[in-house]
Amino acid sequence: MILLTSIMKTTYTIVRSLLIAGILFLIPVTYGQGSLTLNERGYFSMNGLDVTVFSDFYPEGHQSGVTIIQHGNRVAANGDLRLEPSPGQWSPVPAGTATVIDESANTISKTLWFPDSAKNRRGFNPVTYPDLQFTYHIHVTATGGSSFTVRVDLDEPLPVEWLDRVGFNLELFPGDLFGKTYLMDGRPGIFPTQPTGPMTVYDDEYLTEAMDTGYELVIAPEEPDQRMVITSSRQPLELRDGRSNHNNGWFIVRSTVQANVTKGAIEWIVTPNVVPGWKYAPVIQVSQLGYHPGQRKLAVVELDPQDTVLQAFRLFRVEPSGKVPVETGVVRYWGNFLRYRYATLDFSEVDTPGIYELSYGETSSHPFRIAADVYKRNTWQPTLEYYLPVQMCHMRVNEKYRVWHGRCHMDDALMAPTNHNHFDGYFQGPSTLCDYRSGDPVVGLNSGGWHDAGDYDLRVESQAGTVHRLAMMIEEFGLDHDATSVDQEKKVVEIHQPDGR
């Protein structure tokens, strides 16, 4: 076994060296165009690349841990130790201290631990943590060019029963990778649009098997703007599809912690490619609805930090013959905010109704209207015609040949169990406070209402607020907008079929 392992490692070292040589031939060298260094905002930065380390903590929203922003796009996030290969919204997350920045070592560190006593079976949304306690330290160090290392140290080795279960996860945003390729120790693969099997069971949950395993992963080698190399010096990398058990899951790169290790339990080298001379393209932000002729008309342009010389803007009116120049104006510097510079474009004196476009350098805005009736159509109306009907509960919602969803949750509106914490802070005390007993259907509640985002509950405060605003639309503004049929008896909604109410 020892001889076989040695042969395998020697063979891998040879193949890895050849692979790296081939990759380096394809990848533009990042040295000479600056290197990752700590900036005044407390994260690593160079032209075309930013790496943050626990700048925020919202793992449920894929905003936490080690985060990589490559050429202006957040391509990877949530780099942290997790207790599952593909964690979700209610999975255990660690607690931690503030990050420590060591400028002399070009390192950002953070100490964390499981469990988080503020969430473990208590609080607003209690999470059930397993019987596991350990403390660890994450160190991220810029090592030259666009490379950085991630090292995880444990205070003590993990218990035997948790070996191969605790691992460092780095999540890759899937939408930018569909159809792109990857290489795992030289073996090619393609990131799928949809998660597919084979399936396996992990802690009573079905997951897709790892897409591949190895010691070096090259992500999107064909795309200079996205290419990234991740190398693990100790534990193999697993490439997983986190969408099989969570609709909002991402692709996941993972290495598990092995037995009897503390220092360097996880050691990765990450090298995102950086295109020489890259600059963030300006983005013009105008009102999506358009402008009233008499109002102030201000647009904002978002700029790369390197764009210190401002250009003039041009305003065009769209005529039957094409775009006709109307005005050239001065762009005024507004200031810096987070990663970008901002300037404003003021064209308030233009009040002739029509369709317009703004341009700044080679960048153009989307077309927009200047008109006295700019709010008359296609503004607030889609909320009434689509969003509110589609989100209705206990109803079948149709739009001609389309069925948005069938009659749903007809078995709900049950009296809550006493002394029970449901979720989102809903706690039923020692009494039901009424004649209904726990589990009894409450008459009249399984009719209408709107779904809460992702939770499938009817949030009382939101329901009341929405009804109040709809009533005010009629009472205060006299709006009489009827585009939907709502049949409470048959529990059917028809979109774009007025019912006279």
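This is a short walk through the cores, pockets, cavities and cysteines of one structure, which is a predicted model.

I'll start with the nonpolar cores. The largest one has 56 residues, and Phe134, Phe168 and Trp268 are the members that touch the most others. Strand 9, residues 134-144, supplies the largest share of this core, at five residues. A separate core of 18 residues lies apart from it, and its members include Val301, Leu345, Phe347 and Tyr356.

Back to Trp268 for a moment. What is Trp268 in contact with, leaving aside neighbours within four places in sequence? Its partners include Phe148, Thr149 and Val150, then Phe168 and Leu170, and further along the chain Val253, Arg254 and Ser255. Ile230, Thr231, Ser232 and Leu237 are also in contact with Trp268.

Next, helix 2, residues 381-390. The buried residues there are Gln381, Leu384, Glu385, Leu388, Pro389 and Val390. On spacing, an α-helix has 3.6 residues a turn, so residues three or four places apart point the same way. The cover over the buried residues of helix 2 includes helix 3, residues 460-477, together with strand 31 (396-399), strand 32 (402-405), strand 35 (484-487) and strand 36 (492-495).

That brings me to the pockets. The largest has a volume of about 940 Å³. It is lined by 29 residues, with Ala413, Leu414, His422, Asp457 and Leu458 the closest to its centre. Two elements, strand 34 (427-428) and helix 3, give two or more residues to that lining. By class, the lining has 13 nonpolar, 12 polar and four charged residues.

The second largest pocket holds about 790 Å³ of space. Of its 23 lining residues, Leu384, Leu470, His481, Val486 and Arg501 are the closest to the centre. Helix 2, helix 3 and strand 35 each give two or more residues to this lining. Which element gives the most? Helix 3 does, with five residues. The classes here are 13 nonpolar, six polar and four charged.

Now the enclosed space. There are three cavities of 30 Å³ or more. The largest has a volume of about 80 Å³, and its lining consists of Gln70, Val75, Leu172, Phe173, Asp176, Leu177, Ile219, Gln226 and Met228. That lining divides into six nonpolar, two polar and one charged.

In the second largest cavity there is about 40 Å³ of space. Pro85, Ser86, Leu207, Thr208, Arg240, Asp241 and Ser244 line it. At least two of these residues come from strand 15 (205-208), and at least two from strand 19 (237-241). By class, the second largest cavity is lined by two nonpolar, three polar and two charged residues.

On cysteines, the count of disulfides is zero. For Cys393, the nearest cysteine sulfur is that of Cys408, 4.0 Å away. A disulfide needs the two sulfur atoms within 2.5 Å, so a pair at a greater separation is not counted. Cys393 is buried, at 2% relative accessibility, and Cys408 is buried too, with a relative accessible area of 14%.

Last, one loop residue. Is Val309 buried or exposed? At 67% relative accessibility, Val309 counts as exposed. It sits in the loop between strand 23 (298-303) and strand 24 (313-319). Val309 and Pro382 are 73 residues apart along the chain, and their C-alpha atoms are separated by 41 Å.

Definitions and conventions:
Residues are numbered from 1 along each chain as its sequence is written. This is a predicted model: local features need pLDDT of at least 70, side-chain atom pairs count only at pLDDT 80 or more; totals for chains, interfaces and linings use all residues. Side-chain values use heavy atoms; hydrogens and water are left out. Buried means under 20% relative accessible area, exposed over 50%, partly exposed in between (1.4 Å probe, protein chains only). Helices (H or I, at least four residues) and strands (E, at least two) are DSSP runs, numbered from the N terminus. Contact means heavy atoms within 4.5 Å. A nonpolar core is a set of buried Ala, Val, Leu, Ile, Met, Phe, Trp, Tyr and Cys residues joined through side-chain atoms within 4.5 Å. On a 1 Å grid over the protein atoms alone, a cavity is a set of points where a 1.4 Å probe fits but cannot get out, and a pocket is an open set with protein on both sides within 12 Å along at least five of seven lines; lining residues have an atom within 4 Å of a point. Grid points are joined across faces, edges and corners, and a volume is the space filled by probe spheres set on the points. Ala, Val, Leu, Ile, Met, Phe, Trp, Tyr, Cys and Pro count as nonpolar, Asp, Glu, Lys and Arg as charged, and the others, Gly among them, as polar.
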